[in-house]
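Trainee: Can we go through this one together? I'd like to start with the cysteines.
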Amino acid sequence: MPETITITDDRSGKTVTVPIEGGVFPASAIRELDPSLFVYDPAYMQTASCRSSITYLDGGAGILRYRGYPIEQLAEHSSFLEVAYLLLHGDLPTSEQLSTWTHDVTHHTFIHENMRKRFVDGFHYDAHPMGMFVSAVAALGTFYDGAKEIHDEESCRKQVLRLIAKTPTIAAMCYRFSVGLPFNYPDNDLSFPANFLSMMWKVGDDYHVDPVLERAMDILFILHADHEQNCGTTAMRVVGSSHADPYSSAAAAASALYGPLHGGANEAVVRMLNEIGSIDQVPAFIDSVKAGEGRLMGFGHRVYKNYDPRATIIKKTAYDVFEVTGKNPLLDIALKLEEVALADPYFVDRKLYPNVDFYSGLIYQAMNFPVDMFTVLFAIPRTVGWLAHWQELLADGDQRISRPRQWYVGPEERDYTPISARS
Ligand code: CMC
């Protein structure tokens, strides 16, 4: 069978045949047929906007791999910093490379005092931590001269390190501000997840990170590190394509992540479970979803039409965490919702399964994170994915400034009417 596609423009009878490679054919075929012809594809449902070698996702089969490595193996054997290296460099590090990388990230965790004293202190006392995080990431870039040197390899390397190392510091700082607690400085003797937990929770000197919670945090960071061309990563690429600095691009990506249909869903799941309130209310809630009165948050995915592999790992991690923290009372409602939904033709026919957010919120809540912090917890590791895509974008000779076309459906030309003559 030939691996080509032939498109005929019935208006002119002109035909173009182009190769299909990896299930993709070039849109230049349309340009060849007629340069004024465009494809209407809202939300890029059928459009590949780039070639990428970072993350492979097969939504039908429930497969997720970073640089070829199955997410299940990485979650079991790797650490977040090793995964970060893998995503950014393309291969797992040697032990020497890992120790240099860990040292470099660890020694960029501090932020300029003005970020805390002047910038963060300026927020209203009840500002949403994710709103603070988005603005703080953009502001961070203004502290570094080299931020705009995006064609200088050494400068880019430094900005990447800074962003990865400082996002946990910013995240913890936003939380401590929101509850009126003094800011904890990073502790560079701790691992990446333990340092974050310490900056979040330490009050006095006797705080010790529980190793189960440290590992759970690391696994959650691994699972959230990248997810190919999702809304936030697309925002990173679109803004990055104008050659904006990586801090501004990452702030745009974080803004996209903030939305409840994207990274905000874990927060929405916990709110939903609280509203449901008890197991016996689950059938009535499912009926209301089916009647179109709302969505079952944490269910469904644009790409996964099978169980989200991250949800399977997170569900297991939740039980490990509950051994330490005690069971989250919302777990029973979540399990019942999953059971009822997966047996209901409405969800089965639409291939709606639990996604990464269905159980992650329960873990975060059991670990005492307020729901407002959930999306921030997603943004910390996803910064690595954004940066890996940003690097790939800058190195890709096919890329130019992002500029989609539109299907104009507005009025034809008409003459300006003076205000006195308007009805
Ligand atoms: N509850 C009830 N019905 C749903 C849901 C849901 N969670 N998700 C999709 N549907 C229905 C939808 O009403 C539509 O039905 P119909 O064909 O009768 O109109 C059908 O399923 C297809 O939905 P869609 O909105 O066209 O699907 P999409 O691919 O555009 O949306 C989604 C994907 C994730 C936005 C959506 O499933 C959703 O809103 N889920 C809840 C929010 C959520 O959990 N988001 C986290 C996504 S995973 C984290 C991340 O990667 O950001």
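Mentor: First, the term: a disulfide is a pair of cysteine sulfur atoms within 2.5 Å. This is a predicted model, where local features need pLDDT of at least 70, side-chain atom pairs count only at pLDDT 80 or more, and totals for chains, interfaces and linings use all residues. Residues are numbered from 1 along each chain as its sequence is written, and side-chain values use heavy atoms, with hydrogens and water left out.

Trainee: So how many disulfides by this rule?
Mentor: Zero.

Trainee: Why no bond for Cys50?
Mentor: The closest cysteine sulfur to that of Cys50 is in Cys231, 14 Å away, and that is too far for a bond.

Trainee: Is Cys50 buried or exposed?
Mentor: Cys50 is buried, at 17% relative accessible area. Buried means under 20%, exposed over 50%, and partly exposed in between, using a 1.4 Å probe and protein chains only.

Trainee: And Cys231?
Mentor: Cys231 is partly exposed, at 49% relative accessibility.

Trainee: New topic: strands. Which way do S3 and S4 run?
Mentor: Antiparallel, with four bridges joining S3 (residues 55–58) to S4. Strands are DSSP runs of E, at least two residues, numbered from the N terminus. Two strands pair if DSSP finds at least two bridges between them.

Trainee: What is the bridge partner of Thr55 in S4?
Mentor: Tyr66. Tyr66 is also on the covered face of S4 (residues 63–66), with Leu64. Ile63 and Arg65 make up the uncovered face.

Trainee: What stands opposite Arg65 in S5?
Mentor: Pro70. S4 and S5 (residues 69–70) run antiparallel too, joined by two bridges.

Trainee: How many residues sit between S4 and S5?
Mentor: Two, in a hairpin. Arg67 in that turn has a positive phi of about 50°.
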